Amino acid sequence: METLSPAQIAAFEAVLSKVPVEDRARLHALKDAAATAAAASAPHWDFDQPGHRAEEALAEAFGAAVTDDHRRALVALWALEMPARVPAADLPQASLELYPEWIQRLADFLTAAADPYDRDFWAKDVRISLVLSVPGARTQMIDLSSPMGPGQVLRHAREGWGWSVIPAYAAAQAWKPWLEVHTESRELSDFNEAGWDRAWATAAEICKRRPEMAGMLGSSWFYDPPLEQISPRLAYLRLNLLKHGAFMVHQGPGEIHTQRAATSSPTRAALIEKGEYTARSWIVAFPRAALIKWADGRKAAMMREAA
């Protein structure tokens, strides 16, 4: 990725210009240390940690006077530096080719200046602008380092969800860092089987460049096995991966999973309301060897079809 387009540069500079000149100077002064702190926190299991570090830097500089304009301006400053950060990440073409669209969406979102700045969007924009997470498809973003500790695997087994996860964890050397996939709810055009295949295939290409990675994992209520009957159109999210060597780890129920499962489906909402379904979050983990094998087979099949 060589440059931002002139229009994108102008858009980010316009976002920055919405704060007073003296505030811009403070943002320039804090941005490098804040980026370093955010990057140091990125491998934490909590996706929001880099956003928290950025928020702390803003609070230290502006105190109670910090506004969403400051937050947008800081993201814009980091976005203007992406032409240096993206090449340094040594990403495959499968991810690089998505950047023009992702950057344009970021520019458009910051320009629209929706108030308040949604906390989930803030967390994602900090990670994208600092290249701590990268495009996997139009709808999916990929964290470049995420842990899967043995504790949750042992809890899965102790609570009766199955012991086979323990040898699967060991075989995958799952104590190593993982890539992790997330959904970008501001752009859902790739929330379909082809889009998810693209995201997992992008992860395989990243793994080829990063031998230290154990593979890629996802964590969501939509991997919950009962959805195969309740919402069969979502079954591919889990079954396609399990067929090719992925394994699953139970995380458990939670209010956020209930909210998300109910929001997009009257059927699920009704079952939850009646106490007939409890949304549970699961990890699905696709170990690197199996992931790369699947992705290479997918690529070969696509080439045969195109011939």
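**Pockets, a cavity and aromatic contacts**

The second largest pocket has a volume of about 200 Å³ in this structure, which is a predicted model. Its lining is made up of Ala94, Glu97, Arg198, Ala201, Thr202, Glu205, Ala295, Arg298, Lys299 and Met302. Two helices, α11 (193–209) and α16 (288–306), each contribute at least two residues to the lining of this pocket. By residue class, the lining of the second largest pocket comprises five charged, four nonpolar and one polar residue. Among the charged residues are Glu97, Arg198 and Lys299.

Enclosed space was also examined. Rolling a probe the size of a water molecule over the atoms shows where empty space is left. One cavity of 30 Å³ or more was counted, and the largest cavity holds about 50 Å³ of space. Glu193, Trp196, Asp197, Trp200, Tyr236, Leu237, Asn240 and Leu241 form the lining of the largest cavity. Helix α11 takes part here as well, since α11 and α13 (236–242) each supply at least two of the lining residues of the largest cavity. This lining divides into five nonpolar, two charged and one polar residue. Helix α11 thus contributes at least two residues to the lining of the second largest pocket and at least two to that of the largest cavity.

Trp196, one of the residues lining the largest cavity, also takes part in aromatic contacts. A pair of aromatic rings is described by the distance of the centres and the angle of the planes. The structure contains 13 aromatic pairs. In one of these, Trp196 and Phe222 meet edge-to-face, with 5.8 Å from centre to centre and 70 degrees between the planes. Trp196 is located in helix α11 and Phe222 in the loop between β4 (215–220) and α12 (227–230), so this pair ties together parts that lie 26 residues apart in sequence. Both partners fall under the 20% limit for burial: Trp196 is buried, with a relative accessible area of 3%, and Phe222 counts as buried at 10% relative accessibility. The two residues also belong to a cluster in which ring pairs link Phe191, Trp196, Trp221, Phe222 and Tyr223.

Contacts between a charge and a ring were found at Arg186. The charged end of Arg186 sits over the ring of Phe109, at 4.5 Å from its centre. The charged end of Arg186 is likewise placed over the ring of Phe121, with 4.3 Å to the ring centre.

Technical notes:
Residues are numbered from 1 along each chain as its sequence is written. This is a predicted model: local features need pLDDT of at least 70, side-chain atom pairs count only at pLDDT 80 or more; totals for chains, interfaces and linings use all residues. Side-chain values use heavy atoms; hydrogens and water are left out. On a 1 Å grid over the protein atoms alone, a cavity is a set of points where a 1.4 Å probe fits but cannot get out, and a pocket is an open set with protein on both sides within 12 Å along at least five of seven lines; lining residues have an atom within 4 Å of a point. Grid points are joined across faces, edges and corners, and a volume is the space filled by probe spheres set on the points. Helices (H or I, at least four residues) and strands (E, at least two) are DSSP runs, numbered from the N terminus. Rings of Phe, Tyr and Trp (its six-membered ring) pair if their centres lie within 6.5 Å; planes under 30 degrees apart count as stacked, over 60 as edge-to-face and the rest as tilted. Buried means under 20% relative accessible area, exposed over 50%, partly exposed in between (1.4 Å probe, protein chains only). A charge sits over a ring if NZ of Lys or CZ of Arg is within 6 Å of the ring centre and within 35 degrees of the ring normal.
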